[in-house]
Amino acid sequence: MTDDLQDTPEAEARRLAIDLAQEARLADAGERLYAEILESLKTRMGRDVEPDVPGLAQDLQQALTRYAPAAAEVRRRRGSG
């Protein structure tokens, strides 16, 4: 048997460490998405620039595409939790 299937304190600690690492990765992905959106708003729609709605839309689409795997993982976790 592998540690993942055993009910030992070591196996539980390993599962907890893996879960915490995954949660941290998901939180980081959310923070990156937020930062990308803010940066795009500043550069595409800022006070000292000509508004660039098509560029903003493209930036947001790219940011959301990069975030999609993390979003899918969140949905998967909510479905199993």
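Analyst: A salt bridge pairs a side-chain nitrogen of Lys or Arg with a carboxyl oxygen of Asp or Glu, within 4 Å. The model discussed here is predicted.

User: How many salt bridges does a search of the whole structure find?
Analyst: Side chains of opposite charge can pair when their charged atoms come close. A search for such bridges across the whole structure gives a count of 7.

User: How far apart are the closest N and O atoms of Arg77 and Glu73?
Analyst: Both residues lie in helix α2. They are 4 residues apart, about one turn of the helix. Their side chains form a salt bridge, and the closest N and O atoms are separated by 3.0 Å.

User: Is Glu73 buried or exposed?
Analyst: Glu73 is found in helix α2, which covers residues 53–80. Its relative accessible area is 14%. The cut-off for burial is under 20%, so Glu73 is buried.

User: Is Arg77 buried or exposed?
Analyst: Arg77 has a relative accessible area of 19%. That falls under the 20% limit, so Arg77, like its partner Glu73, counts as buried.

User: Which residue in helix α1 pairs with Arg77?
Analyst: Arg77 forms a salt bridge with a Glu, the closest N and O atoms being 2.7 Å apart. Arg77 lies in helix α2 and its partner in helix α1, so the pair ties together parts that are 54 residues apart in sequence. That partner is partly exposed, with a relative accessible area of 40%. The residue is Glu23.

User: Which residues are linked with Glu23 in a network of salt bridges?
Analyst: Arg77 forms a salt bridge with Glu23. Arg77 also forms one with Glu73. A polar contact of 2.7 Å joins the side chains of Glu73 and Arg76. The residues linked with Glu23 in the network are Glu73, Arg76 and Arg77.

User: Leaving aside neighbours within four places in sequence, which residues are in contact with Glu73?
Analyst: Contact needs heavy atoms within 4.5 Å. With the sequence neighbours set aside, the residues that touch Glu73 are Arg25 and Leu26.

User: Which residue meets Glu12 in a salt bridge?
Analyst: Glu12 is partly exposed, at 44% relative accessible area. Its partner lies 3 residues away in helix α1, about one turn of the helix. That partner is partly exposed too, at 22%. The two side chains meet at 2.9 Å, N to O, and the partner is Arg15.

User: Which residue's backbone oxygen lies 2.8 Å from the side chain of Thr65?
Analyst: Thr65 is found in helix α2. A polar atom of its side chain lies 2.8 Å from the backbone oxygen of Gln61.

User: Is Thr65 buried or partly exposed?
Analyst: Thr65 has a relative accessible area of 48%. The buried class ends at 20% and the exposed class starts over 50%, so Thr65 is partly exposed.

User: What distance separates the C-alpha atoms of Thr65 and Leu33?
Analyst: Thr65 and Leu33 are 32 residues apart along the chain. In space, their C-alpha atoms are separated by 9.8 Å.

User: What is the C-alpha to C-alpha distance between Tyr34 and Ala63?
Analyst: Tyr34 sits in helix α1, residues 9–45. Tyr34 is exposed, with a relative accessible area of 56%. Tyr34 and Ala63 are 29 residues apart in sequence. From C-alpha to C-alpha, their distance is 9.0 Å.

Technical notes. Residues are numbered from 1 along each chain as its sequence is written. This is a predicted model: local features need pLDDT of at least 70, side-chain atom pairs count only at pLDDT 80 or more; totals for chains, interfaces and linings use all residues. Side-chain values use heavy atoms; hydrogens and water are left out. Helices (H or I, at least four residues) and strands (E, at least two) are DSSP runs, numbered from the N terminus. Buried means under 20% relative accessible area, exposed over 50%, partly exposed in between (1.4 Å probe, protein chains only). A polar contact is a pair of N or O atoms within 3.5 Å; within protein, one must be able to donate a hydrogen and the other to accept it, and residues adjacent in sequence count only if both atoms are side-chain atoms.
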